[in-house]
Structure formats: C-alpha cells, structure tokens
Amino acid sequence: MSFEIDVITLFPDMLDAITKYGITSRASKNEIFRLHTWNPRHFAKDNYRTVDDSPYGGGPGMVMLAQPLDEAITHARTRQLAEGINETKVIYLSPQGELLNHEKILQLSKLRGMILLCGRYEGIDERIIMRQVDEEISIGNYVISGGELAAMVLIDSIVRQLPGALGSADSASEDSFANNLLEYPQYTRPEIYRGDAVPPILLSGDHAKINRWRLQQSLGKTWLKRPDLLDLKYKQGISKEEEKLLEEFKQTKNFRIN
Ligand code: 4HQ
C-alpha cells in the first residue's frame with residue numbers, strides 16, 4: 001500500500017520536482033508513495049476562474065476564496081477514501097503552524113496518506129481552516145511566497161522515512177536528528193587535497209576505532225555547533241562511553257580533525 005499524497009495548489013507543476021529528482025523520484029517510481037495535485041482554479045465557478053479576492057476590512061494583497069479550496073479538498077478526500085484511507089489528515093502549510101521537526105515527520109510518516117493545502121497571496125479564508133484543516137505546520141520562522149515549497153519540504157522528509165524509500169546503503173534511522181547528534185565529517189579521494197590530509201584513522205582499516213572516532217566527532221560537532229541538540233541528547237540518555245568521548249574531545253580542543 002503506497003502512501004497517498006494529495007496537494008491543493010495553484011502551481012501544480014512546482015510539485016513535479018519531487019517526482020523528477022533523486023530519492024523521491026525513485027520512491028515515486030517504486031510506488032512507495034503517490035502524488036496527486038488539485039488546482040483550485042479548476043473548481044472556480046465564474047468565467048474568469050477566479051480563486052482570490054481582496055480581504056474584508058481592507059489591507060494589502062489578496063486572499064484565496066473559500067469555495068474553490070473547499071471543493072478541491074473535498075475531491076482530494078474522496079480520492080483518499082477511494083484508496084481505502086479513512087483517516088487522512090488535511091495539513092495547511094503556514095507560518096502560524098507548529099514548527100516542523102524530526103518527531104513530527106516520524107509521526108506523519110505513520111499515516112497512510114495526507115492532504116496538503118498550499119496557500120498563495122496573503123493566505124486563505126479563515127473559514128477553510130476552521131472547517132477543513134486538521135493541522136497547521138510551519139517549516140520555519142520566515143515567510144516564503146507560497147505553501148508549495150513548504151509542502152515539498154514536508155513530502156521529501158516524510159518520503160525518506162517510508163519503508164523502501166532509501167537504498168539499503170542509507171538508513172533514515174541513522175540520520176542526524178534521529179539520535180539528536182550531527183553527522184560526523186565525511187571525506188573522499190584524494191587523500192591529500194591542497195595540503196589537507198584525510199584523518200589517518202579513516203585509512204587504518206580498524207572499524208571499531210573508526211566508529212569510535214566518528215561518534216566522538218558527532219558529539220564534538222554537536223557540542224560546538226548545536227548545544228541545543230546536545231541538551232536533547234542528554235535528556236534522551238548519554239552513555240558512559242559517549243560521555244568519555246565528548247570529554248576527550250573538549251580536552252584535546254580537537255575542534256578540527258585529529
Ligand atoms: N507561507 N511554513 C504564506 C509560509 C510558510 C512557512 C505559506 C507563506 C503560506 C500563505 N508555510 N502562505 N513559513 O511562509 O509553511
């Protein structure tokens with residue numbers, strides 16, 4: 001059973017990027033998920049296919065009309081139901097939403113599908129949020145021009161968590177944020193680049209040592225760059241071994257590579 005995603009958007013072509021490139025493209029071709037778009041313009045009733053109007057009370061810009069959105073969402077719900085999904089979630093991407101994080105992604109990836117609502121202009125008629133929206137999600141405390149890019153961020157990060165989406169080489173459970181640590185530094189050929197050598201331990205072939213070094217680098221980098229994450233890591237539980245590696249990192253002021 002594939003994860004069913006319906007997106008309500010005035011710019012459906014933007015979403016093509018998801019199915020055209022990289023991991024999400026492969027996952028789409030393997031039917032790990034299916035993406036459908038609905039354009040509110042097709043549900044507009046007048047000859048001009050109007051989807052927006054000026055705000056009551058005055059002010060700048062335009063607001064997306066309730067009726068075309070309402071009908072587009074209803075169509076998406078009907079499609080999800082036809083796919084046997086009776087517990088779908090309608091999510092509106094908006095700066096007023098709950099901030100997206102790894103935990104939220106994990107939670108959403110356990111659903112069987114979702115309907116994403118992308119707003120343009122100054123946003124959508126509040127009555128649609130009241131009547132149709134289950135959750136509001138924000139991808140960050142900044143403003144973008146429309147919900148499409150936010151929806152694509154959400155889709156990409158959810159798809160990575162779906163069984164079979166990642167090749168056996170990569171693993172979502174080993175990603176940073178899954179364990180509240182940043183990734184260790186990566187190196188590839190050449191061994192020396194403009195006088196900078198790859199840390200010799202990585203060439204040693206001693207995998208126990210390499211794993212310890214990598215864990216130490218993860219802990220150290222997190223301590224240096226994201227102390228907020230390290231606090232979460234401590235709450236989640238840090239082992240004696242990890243404690244020792246971090247202390248050693250701090251001592252040796254091993255801020256670069258060893
Ligand atoms: N917008 N996280 C305004 C966002 C946004 C965000 C989407 C701009 C909705 C109406 N969406 N439109 N930040 O800035 O999700």
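Partly exposed, as used in these legends, is the range between buried (under 20% relative accessible area) and exposed (over 50%), worked out with a 1.4 Å probe on protein chains only. The model is predicted, so local features need pLDDT of at least 70 and side-chain atom pairs count only at pLDDT 80 or more, while totals for chains, interfaces and linings use all residues. Residues are numbered from 1 along each chain as its sequence is written, and side-chain values use heavy atoms, with hydrogens and water left out.

**View 1. K244 and E241 pair up in helix 9.**
E241 is partly exposed, at 34% relative accessible area, and K244 is partly exposed too, at 49%. Their side chains meet in a salt bridge at 3.9 Å, N to O; the term asks for a side-chain nitrogen of Lys or Arg within 4 Å of a carboxyl oxygen of Asp or Glu. The two sit 3 residues apart in the helix, so about one helical turn separates them. Helices here are DSSP runs of H or I with at least four residues, strands are runs of E with at least two, and both are numbered from the N terminus.

**View 2. K240 and E243 make another salt bridge in helix 9.**
Here the N to O distance is 3.3 Å. Helix 9 covers residues 240–251, and with K240 and E243 3 residues apart, the spacing is again about one helical turn. K240 is exposed, with a relative accessible area of 68%, whereas E243 is partly exposed at 28%.

**View 3. R34 reaches E4 across two strands.**
This salt bridge comes in at 3.0 Å, N to O. It links distant parts of the chain: R34 belongs to strand 2 (residues 33–38) and E4 to strand 1 (residues 3–8), 30 residues apart. E4 is buried, with just 3% relative accessible area, while R34 is partly exposed at 25%. Zoom out a little and shared partners join E4, D6, R34, R79 and E83 into one salt-bridge network. Across the model, the salt-bridge count comes to 17.

**View 4. Helix 7 and what covers it.**
Helix 7 runs through residues 207–225, 19 residues in all, and at 1.5 Å a residue it should span 27 Å; the end C-alpha atoms lie 26 Å apart, which agrees. That expected span is 1.5 Å times one less than the number of residues. Buried residues in helix 7 include I210, W213, L219 and T222. Helix 8 (227–236) and helix 9 are among the elements covering the buried residues of helix 7.

How values were computed: Contact means heavy atoms within 4.5 Å.
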